Amino acid sequence: MQHTTQVELIKRVFELFDRKSTSMGDNIYRNPISDYTCMDQARLEQQQFFRETPLVMCLSSRMPNPGDYVTDELSGVPVLVTRNAEGKVRAFLNVCRHRGAPVAQGCGSGKKMFVCPYHAWTYDLEGRLRSRGPADAFPDVSADNGSLVPLPATEKHGIIWVKTSPGPDIDADDLLQGLGPELASYKLETSSHYQTSNLHKPMNWKLVIDTFLETWHIGTLHRNTVASIFQPNINVFDAFGLNGRFILPRRSILELRDKPESEWDLLKHSAIIYLIFPNTLIVWQGDHVETWRSFPEDLSPDKCIAEAALYSPEPPTTEKARKYWDKNMELLLATVEHEDFPVCIDMQRGFRSNAQSFITFGRNEPGLTHYHHGMRSRLGLKEAPAIPG
Ligand code: FES
Ligand SMILES: [Fe+2]
């Protein structure tokens, strides 16, 4: 992030601190309960977001070298992502053209060929069919009509996107809607993938994102974990198209008041959450990056899979370094899995109780309003009328 932007954001933090306020939207926002419970909306989301919208797959450093690959079916669609001999990212439906088995499992490195475990049809890193068993058994099958089905994929600023249905190329700048230069400054491609965990939870997939889009709850829900680290109640939110950026100042940020602006360092004194629409968060944590991706599970509005990943600035080479990153991963899960998600699961039950037909986002929760407003307009859904703030 450019230093001038950091200074500008720090000034906004100080100004909010002095006013005992936070970023405010114009109005409160009434979000229909059906957003979290409606099967029709879940089907619409599946099509619009999880098939038709390019999704962040991972950071580039999860698969840095030629021959690295990652498989993923969290969207409900089996996908294989490879890095070819020239270092370019490719993506395919992970579906063998013989009878449909997945040709790769998990993730790995040093691959030149993917051999289907069923009858050994073989594909290269470009998805091209290289071997199909006895030629006389499949006389009309060739690489031209029997290669893996390619998917649009792109890589920029250390982030890899894939769309899970075939189509035209992806334009990353178009997706980032102005966030590109800032994300580029983190040099995410130089990070090192440390660990990924998948959490299966009985709650709507959007609640995973929601829980990061306001920090008002830090002083209450997280009073025993991260409340000692962050300034509760102050956050600075800015929209970038459907995306957003959210500054969570650390308590230590107030030390900067006594220092010249040239020494102000926002990255050291805050966590910065980037919402990459529709289902991804990239979180700058001061000395490392975490990502969250959320998906509906089994097409259900009541079940989700949340994927949490931690990327360290460099590969840990000592036991001490490994312990440090293990501790960070533990803190991440202790707060989100053991504090946020239990409340979200209870909320999901509350949604099903018919207590109310909408929930209310306050003016002090502009990230939530922005996210849900953007989502509903993308889905072509009506909104509840605004209430003047
Ligand atoms: S299903 Fe892949 S080789 Fe038969
Ligand atoms: Fe939280």
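**Pockets, cavities and cores, term by term**

Me: The second largest pocket holds about 330 Å³ of space; what makes a set of points a pocket and not a cavity?
Reply: On a 1 Å grid over the protein atoms alone, a pocket is an open set with protein on both sides within 12 Å along at least five of seven lines, whereas a cavity is a set of points where a 1.4 Å probe fits but cannot get out. The volume is the space filled by probe spheres set on the points, with grid points joined across faces, edges and corners. This is a predicted model, in which local features need pLDDT of at least 70 and side-chain atom pairs count only at pLDDT 80 or more, while totals for chains, interfaces and linings use all residues. Residues are numbered from 1 along each chain as its sequence is written, chains are lettered from A and ligands numbered from 1 in the order in which they are written, and side-chain values use heavy atoms, with hydrogens and water left out.

Me: Which residues of the second largest pocket lie closest to its centre?
Reply: They are Asp-210, Glu-214, Met-347, Glu-365 and Leu-368, out of 17 lining residues, where a lining residue has an atom within 4 Å of a point. Helix α9 supplies the largest share of this lining, with four residues.

Me: How do you know which classes the lining of the largest pocket contains?
Reply: Ala, Val, Leu, Ile, Met, Phe, Trp, Tyr, Cys and Pro count as nonpolar, Asp, Glu, Lys and Arg as charged, and the others, Gly among them, as polar. Sorted in this way, the lining has 14 nonpolar, nine polar and seven charged residues. The largest pocket has about 620 Å³ of space, and among its 30 lining residues, Val-226, Phe-230, Gln-285, Leu-331 and Thr-335 are the closest to its centre. Its largest share, nine residues, again comes from α9.

Me: Why is the largest cavity said to lie between the two domains?
Reply: Domain bounds come from an automatic or database domain assignment, which here gives domain 1 (3-51 + 178-388) and domain 2 (55-169). Both domains contribute residues to the lining of the largest cavity, so this cavity lies between them. Its space is about 50 Å³, and its lining includes Val-56, Met-57, Thr-291 and Glu-307.

Me: What classes of residue line the second largest cavity?
Reply: Its lining has seven nonpolar residues and no polar or charged ones, among them Tyr-186, Ile-282 and Trp-284. The volume of this second largest cavity is about 30 Å³.

Me: Why is Val-103 called buried?
Reply: Buried means under 20% relative accessible area, exposed over 50%, and partly exposed in between, with a 1.4 Å probe and protein chains only. Val-103 has a relative accessible area of 5%, so it is classed as buried. Val-103 sits in the loop between β5 (89-93) and β6 (107-108), and residues it touches (contact means heavy atoms within 4.5 Å) include Leu-80, Phe-114, Tyr-123 and Leu-148.

Me: What makes a group of residues a nonpolar core?
Reply: The members must be buried Ala, Val, Leu, Ile, Met, Phe, Trp, Tyr or Cys residues, joined through side-chain atoms within 4.5 Å. The largest core here has 52 residues, of which Met-203, Leu-281, Trp-292, Phe-341 and Tyr-371 touch the most other members. Helix α9 (residues 319-351) gives the most to this core, nine residues, where helices (H or I, at least four residues) and strands (E, at least two) are DSSP runs numbered from the N terminus. A second, separate core has 48 residues, including Val-70 and Ile-170.

Note on methods. Lists of a residue's contacts leave out its neighbours within four places in sequence.
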